[in-house]
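User: Let's go through this model piece by piece, starting with the loops and moving on to the sheets, the core and the charged pairs.

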Amino acid sequence: IEALRRAAKSVRFADSKLFVQLTDGREIGVPLTQFPWLARATATQRRHWHIEPRGFAIYWDDLDDGIEVEHLFN
């Protein structure tokens, strides 16, 4: 059940941070420095994300990398 509450719904970037809206209404923000590959990405590359089925991860095809939502809480 906890994993379902930690499912991603949307993504945004602001102030050198990645913000992920969760399906339970919470939003978590983490500094981009936690993900150097994402910090180095262009704004255009960052905009091209999609949420994996069931919301457990966010993936950037242009960057060939992604983040599991669980890792945002560690």
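User: Which loop is D64 in?
Analyst: D64 lies between two strands, where helices (H or I, at least four residues) and strands (E, at least two) are DSSP runs numbered from the N terminus. Keep in mind that this is a predicted model: local features need pLDDT of at least 70, side-chain atom pairs count only at pLDDT 80 or more, and totals for chains, interfaces and linings use all residues. Residues are numbered from 1 along each chain as its sequence is written, and side-chain values use heavy atoms, with hydrogens and water left out. So look for D64 in the loop between strand 5 (57-60) and strand 6 (65-68).

User: Is D64 buried or exposed?
Analyst: Buried means under 20% relative accessible area, exposed means over 50%, and partly exposed is in between (1.4 Å probe, protein chains only). D64 comes in at 60%, so the label is exposed.

User: What is phi of D64 near?
Analyst: D64 isn't a glycine, yet its phi is positive. The angle is near 50°.

User: Which loop residue has a positive phi of about 60°?
Analyst: This one sits in the loop between strand 1 (8-14) and strand 2 (17-22). It counts as exposed, because its relative accessibility is 57%. Again it is not a glycine: the residue is S16.

User: What is the order of the open sheet that contains strand 5?
Analyst: Three strands make up this open sheet, and they pair antiparallel; two strands pair if DSSP finds at least two bridges between them. Strand 5 and strand 6 are joined by four bridges. The order is 4-5-6.

User: Why is one side of strand 4 and of strand 6 left without a neighbour in the sheet?
Analyst: Strand 4 (49-51) and strand 6 stand at the edges of the 4-5-6 sheet. One side of each is left without a neighbour because each has a single partner strand.

User: What does the twist average in the sheet with the order 1-2-3?
Analyst: This is an open sheet with antiparallel pairing. Strand 1 and strand 2 pair over six bridges, with V11 and V20 as bridge partners. For the angles, axes are lines fitted to C-alpha atoms (for helices, over the stretch in contact), and values run from 0 to 180 degrees between N-to-C directions. From one strand to the next, the twist averages 20°.

User: Which strand supplies the largest share of the largest nonpolar core?
Analyst: A nonpolar core here is a set of buried Ala, Val, Leu, Ile, Met, Phe, Trp, Tyr and Cys residues joined through side-chain atoms within 4.5 Å. The largest one has 16 residues, and L18, V20, L38, I67 and L72 have the most contacts inside it. Strand 1, strand 2, strand 3 (27-31), helix 2 (36-39) and strand 5 each supply at least two residues. The largest share, three residues, comes from strand 2.

User: How far apart in space are V69 and F56?
Analyst: V69 is in the segment after strand 6 and is buried, given its 1% relative accessibility. Contact means heavy atoms within 4.5 Å, and beyond four places in sequence V69 touches R6, A8, L22, G55, F56, A57 and I58. V69 and F56 are 13 residues apart in sequence, but C-alpha to C-alpha they are 5.6 Å apart.

User: Which residue forms a salt bridge with R6?
Analyst: A salt bridge is a side-chain nitrogen of Lys or Arg within 4 Å of a carboxyl oxygen of Asp or Glu, and by that rule there are three. R6 is in the loop between helix 1 (2-5) and strand 1, and counts as buried because its relative accessible area is 18%. The closest N and O atoms of the pair are 2.8 Å apart, and the partner is E70.

User: How many residues apart in sequence are the parts that E70 and R6 tie together?
Analyst: E70 is partly exposed, at 36% relative accessible area. E70 lies in the segment after strand 6 and R6 in the loop between helix 1 and strand 1, so the separation in sequence is 64 residues.

User: Which residue meets R12 in a salt bridge?
Analyst: R12 lies in strand 1 and its partner in strand 3, so the pair ties together parts that are 15 residues apart in sequence. R12 is partly exposed at 39% relative accessibility. With 3.0 Å from N to O, the partner is E27.

User: What is the closest N to O distance between D24 and R26?
Analyst: Each residue of this salt bridge counts as partly exposed, with D24 at 34% and R26 at 37%. Their closest N and O atoms are separated by 2.7 Å.
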